[in-house]
Amino acid sequence: MESARAYAWKALNRIVLEHGYASLILRGMEGYSRSDRALISELVYGTLRNYTRLSYQWGDLAAHVKQKTAVLLNMSVYQLLFLDRIPDYAVINEACSLVSEKEKGFVNAVLHKVQKRGMIAPAFRDELEQTAFETSHPLWLLKLWQAHYGIENAVRIAEADQRRPIVYGRRNPLKISREELFSDRKVRFLEADCFTYDGILTETRWFEEGKVLVQDRASQAVGRLLAAEPGMRVLDACAAPGTKTQEIAAQMQNQGTILALDLYEERVKLIEQLMAKTGVSMVSCRTADASEPIQDAAYASMDRILVDAPCSGLGDLSHKPEIRMHVSPESLDELVRLQASILENASKYLKEGGRLVYSTCTLNRKENENQVNAFLKRHPEFERSSEKTWFPYELESDGFYAAVLTKTGSAMVK
């Protein structure tokens with residue numbers, strides 16, 4: 001088996017150069033010890049969260065560098081300048097062992113120079129430029145956040161993205177009582193069924209048996225806004241992997257009907273597997289495009305609809321730091337059009353007096369407030385009951401947006 005650093009380097013190559021997803025790629029660590037898995041995760045996520053800053057540390061020392069070698073240099077510089085437990089000589093020796101004979105001398109020389117001079121930085125014209133460099137965020141993104149939320153929020157969001165995210169659990173009331181769960185001293189109760197766990201929650205018997213789930217704290221708050229009740233009919237338009245679907249089913253005490261849609265069959269299977277694991281029998285899963293009309297009477301007259309729309313994920317940059325490397329202003333505009341189609345189509349199935357929650361895990365008014373404003377302008381029969389943005393520094397969670405829309409029936413559809 002290859003070393004942990006070799007695995008981390010290969011994972012980073014796939015993420016950086018092939019636009020892979022870190023969380024999916026790192027699922028291949030099963031054969032490694034717990035300490036090696038921790039090291040791999042630290043190297044991959046730490047390097048991604050600081051990528052721009054790391055590249056600057058050696059950029060003036062080399063003109064033409066192979067892409068994979070550049071990734072290795074960044075991973076090695078992260079260890080030299082950000083981690084204390086790994087001796088510098090070990091970092092440099094391991095890096096040299098991973099490259100060809102022709103590159104060993106080059107890699108050795110560059111890393112020794114970086115080690116000797118320590119962290120460097122360019123001259124900054126303003127606070128936003130400094131924050132973009134120190135948090136490895138695209139400057140255009142910080143300018144977007146400044147325009148939407150003000151400079152103080154923009155800086156605080158970027159700084160929050162640099163922290164190691166907290167793992168939040170959610171109690172599954174269909175399988176475990178509050179008394180049983182919260183009697184464990186490792187469990188720290190927060191609100192509703194949300195908690196933190198002093199340990200690795202995914203390795204507990206509770207998680208394996210579907211008694212608890214891993215779900216971000218703000219995500220849980222979004223699910224509660226739907227206020228689903230037993231016996232209702234609910235449409236979850238973009239349901240995979242099913243975490244919010246399960247939350248809704250738990251609210252409904254597994255009584256009623258939830259229709260859960262996703263575009264891809266393999267993702268629909270994930271929903272079905274989660275429902276079976278967590279004791280939910282009221283969910284009907286279907287492979288369908290939520291942006292296209294569905295000619296099926298089963299979708300008529302819904303009491304509740306959740307549109308947890310596909311989005312740019314700009315609220316999730318601590319969990320998914322690779323997004324900041326690949327996102328572009330153009331890609332945001334493409335998503336806005338898709339979101340509008342899904343919201344437009346899903347709203348047709350809500351009955352009068354029903355509630356629709358539109359949510360995203362992004363921080364971008366075009367995908368959030370402006371999207372809802374445009375919808376309400378087209379549909380006077382809907383009104384906005386409430387809306388909220390959760391910034392990642394507020395709950396030490398992901399950034400989320402949600403709007404609660406009610407179909408009043410007070411105006412005719414144009």
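Angles here run from 0 to 180 degrees between N-to-C directions, with axes fitted as lines to C-alpha atoms, for helices over the stretch in contact. Keep in mind throughout that this is a predicted model.

**View 1. Helix H18 on its strands.** Helix H18, residues 369-378, lies across three strands: E9 (350-360), E10 and E11 (400-407). Its direction makes about 180 degrees with that of E10.

**View 2. The seven-stranded sheet.** Those three strands sit in an open sheet that reads E7-E6-E5-E8-E9-E11-E10, and the pairing is mixed. At the edges you'll find E7 (283-287) and E10 (382-390), each pairing on one side only. Going from neighbour to neighbour, the strands are turned by 15 degrees on average, direction ignored. Zoom in on E5 (residues 233-236) and E6 (residues 257-262), and you'll see a parallel pair with four bridges. Within that pair, Asp-236 faces Ala-260 of E6. Helix H15, residues 265-277, packs on the sheet and touches E6 and E7, its direction at about 170 degrees to that of E7.

**View 3. The buried face of helix H9.** Which residues of H9 (residues 139-149) are buried? They are Leu-141, Leu-142, Leu-144, Trp-145, His-148 and Tyr-149. Looking down the axis of H9, these buried residues stay within an arc of 155 degrees, so they line one face of the helix. Their cover includes helices H8 (127-134), H10 (151-160) and H17 (329-347). Just past the end of H9 comes Gly-150, with a positive phi of about 95 degrees.

**View 4. The largest nonpolar core.** This core has 41 residues, and the ones touching the most other members are Leu-26, Ile-40, Val-44, Trp-58 and Leu-111. Helices H1 (4-18), H2 (22-25), H3 (34-49), H4 (51-58), H5 (67-82), H6 (88-98) and H7 (101-117) each chip in at least two residues. Take Val-44 as an example: leaving out residues up to four places away in sequence, it touches Ala-8, Ala-11, Leu-12, Ile-15, Ala-22 and Leu-26. Another core lies apart from this one; it has 29 residues, including Leu-213, Met-252, Ile-258 and Met-282.

**View 5. A salt bridge from a loop to helix H11.** Here the side chains of Asp-193 and Arg-178 meet, N to O, at 3.5 Å. Asp-193 belongs to the loop between strands E2 (187-191) and E3 (194-197), while Arg-178 is in helix H11 (residues 178-182), so the pair, 15 residues apart, links distant parts of the chain. Is Asp-193 buried or exposed? With a relative accessible area of 16%, Asp-193 is buried, because the cut-off for that is under 20%. Arg-178, at 34%, counts as partly exposed.

**View 6. More salt bridges.** The model has 19 salt bridges in total. In one of them, Asp-316 joins Lys-320, with the closest N and O atoms 3.6 Å apart. Asp-316 is buried at 6% relative accessible area, whereas Lys-320 counts as partly exposed at 34%. In another, the side chains of Arg-384 and Glu-387 come together at 3.6 Å, N to O. Both partners count as partly exposed, Arg-384 at 31% and Glu-387 at 37%. Finally, Arg-34, Arg-37 and Glu-203 are tied together in a salt-bridge network.

How values were computed
Residues are numbered from 1 along each chain as its sequence is written. This is a predicted model: local features need pLDDT of at least 70, side-chain atom pairs count only at pLDDT 80 or more; totals for chains, interfaces and linings use all residues. Side-chain values use heavy atoms; hydrogens and water are left out. Two strands pair if DSSP finds at least two bridges between them. Contact means heavy atoms within 4.5 Å. Buried means under 20% relative accessible area, exposed over 50%, partly exposed in between (1.4 Å probe, protein chains only). The arc is that of the directions from the helix axis to the C-beta atoms. A nonpolar core is a set of buried Ala, Val, Leu, Ile, Met, Phe, Trp, Tyr and Cys residues joined through side-chain atoms within 4.5 Å. A salt bridge is a side-chain nitrogen of Lys or Arg within 4 Å of a carboxyl oxygen of Asp or Glu.
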